Amino acid sequence: MESHLTIHEVAKRTGLTAYTLRYYERIGLIAPVARAPGGQRRYAAADMAWIEFLLRLRTTNMPIGKMQTFATLRGAGDVTVPDRRRMLEDHLVEVLSNIEAMHQSAQALREKIEHYRSVEQSLALSSNSVEGNADEHRKPLRTRARQTEGN
């Protein structure tokens, strides 16, 4: 990776917009980014690693307020390592609970889908037998009468 990326390069690599990157910096999620002589942001490898971690937290549905708290603790240095670890442990418990709930919901969806498949099959079978009878009723009356006489 290049040593210093522009905001547009970072946006392209992360999927975040330039607006979001500026917002994250403004609210303290990202420490102030180094600037080029013309004032444009230049993101270093360490900035990218931090942004990637923030994206992981976001994927786990960590609220921005908690992300800000974590970023503040990180900015305070190693003295906050135990607090950051506890924070991540607590969040992991929530994430694992959500994953279990999603697994249960997915299983309920599978069962409902299977139920509807069996209903569809039953409807198709009964529809086929009804269609066979319906075809009999679509024959002209004279043809039906002749067939009845022959039986």
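**Salt bridges, a buried arginine and a nonpolar patch**

A search of the whole structure, which is a predicted model, identifies 6 salt bridges. One of these joins the side chains of Arg-41 and Glu-25, with an N to O distance of 2.6 Å. Because Arg-41 is located in the loop between helix 2 (18–26) and helix 3 (45–59), whereas Glu-25 belongs to helix 2, this pair ties together parts of the chain that are 16 residues apart in sequence. Both Arg-41 and Glu-25 are buried, and for Glu-25 this assignment follows from a relative accessibility of 12%, which falls under the 20% limit for a buried residue.

The surroundings of Glu-25 include further residues beyond its immediate sequence neighbours. When residues within four places in sequence are set aside, Glu-25 is in contact with Ile-30, Ala-31, Pro-32, Val-33, Arg-35, Arg-41 and Tyr-43. Two residues of this list, Arg-35 and Arg-41, are also linked with Glu-25 in a network of salt bridges.

Two further salt bridges are found within helix 5, which comprises residues 81–138. The side chains of Glu-89 and Arg-85 meet with an N to O distance of 2.9 Å, and because the two residues are 4 residues apart in helix 5, they are separated by about one helical turn. Glu-89 counts as partly exposed at 39% relative accessibility, and Arg-85 likewise counts as partly exposed, at 42%. In the pair formed by Glu-114 and Arg-117, the closest N and O atoms are 3.6 Å apart; these residues, both in helix 5, lie 3 residues apart, again about one turn of the helix. Glu-114 has a relative accessibility of 47% and is therefore classed as partly exposed, and the value of 47% computed for Arg-117 places that residue in the partly exposed class as well.

Arg-84, also a residue of helix 5, presents another arrangement. Although Arg-84 is buried, it has no salt bridge, and the nearest side chain of opposite charge, that of Asp-78, is 4.3 Å away. Since a salt bridge requires the nitrogen and the carboxyl oxygen to be within 4 Å, the separation of 4.3 Å between Arg-84 and Asp-78 does not qualify. Asp-78 is nevertheless among the residues in contact with Arg-84, which, once neighbours within four places in sequence are left aside, also touches Phe-70, Leu-73, Arg-74 and Gly-77.

Helix 5 also contributes to a nonpolar feature of the surface. Leu-92, which is found in helix 5, forms together with Leu-96 and Ile-99 a nonpolar surface patch of about 270 Å². The relative accessible area of Leu-92 is 46%, so this residue is partly exposed.

The geometry of helix 3 was examined separately. At 1.5 Å a residue, the 15 residues of this helix should span 21 Å, and the end C-alpha atoms are indeed 21 Å apart, so the expected and computed values agree. The buried residues of helix 3 are Asp-47, Met-48, Trp-50, Ile-51, Leu-54, Leu-55 and Leu-57. Just after helix 3, Asn-61 adopts a positive phi of about 65 degrees.

Note on methods:
Residues numbered from 1 in each chain as written. Predicted model: local features only at pLDDT ≥ 70, side-chain atom pairs only at ≥ 80, totals over all residues. Heavy atoms only, no water. Buried < 20%, exposed > 50% of the residue type's maximum accessible area, 1.4 Å probe, protein only. Lys, Arg positive; Asp, Glu negative; His and termini not counted. Contact = heavy atoms within 4.5 Å. Patch = residues over 30% accessible without salt bridge, like charges linked within 9 Å, V, L, I, M, F, W, Y side chains within 5 Å. Areas by Shrake-Rupley, 256 points an atom, 1.4 Å probe, with all protein chains shown as cover. Expected span 1.5 Å × (residues − 1).
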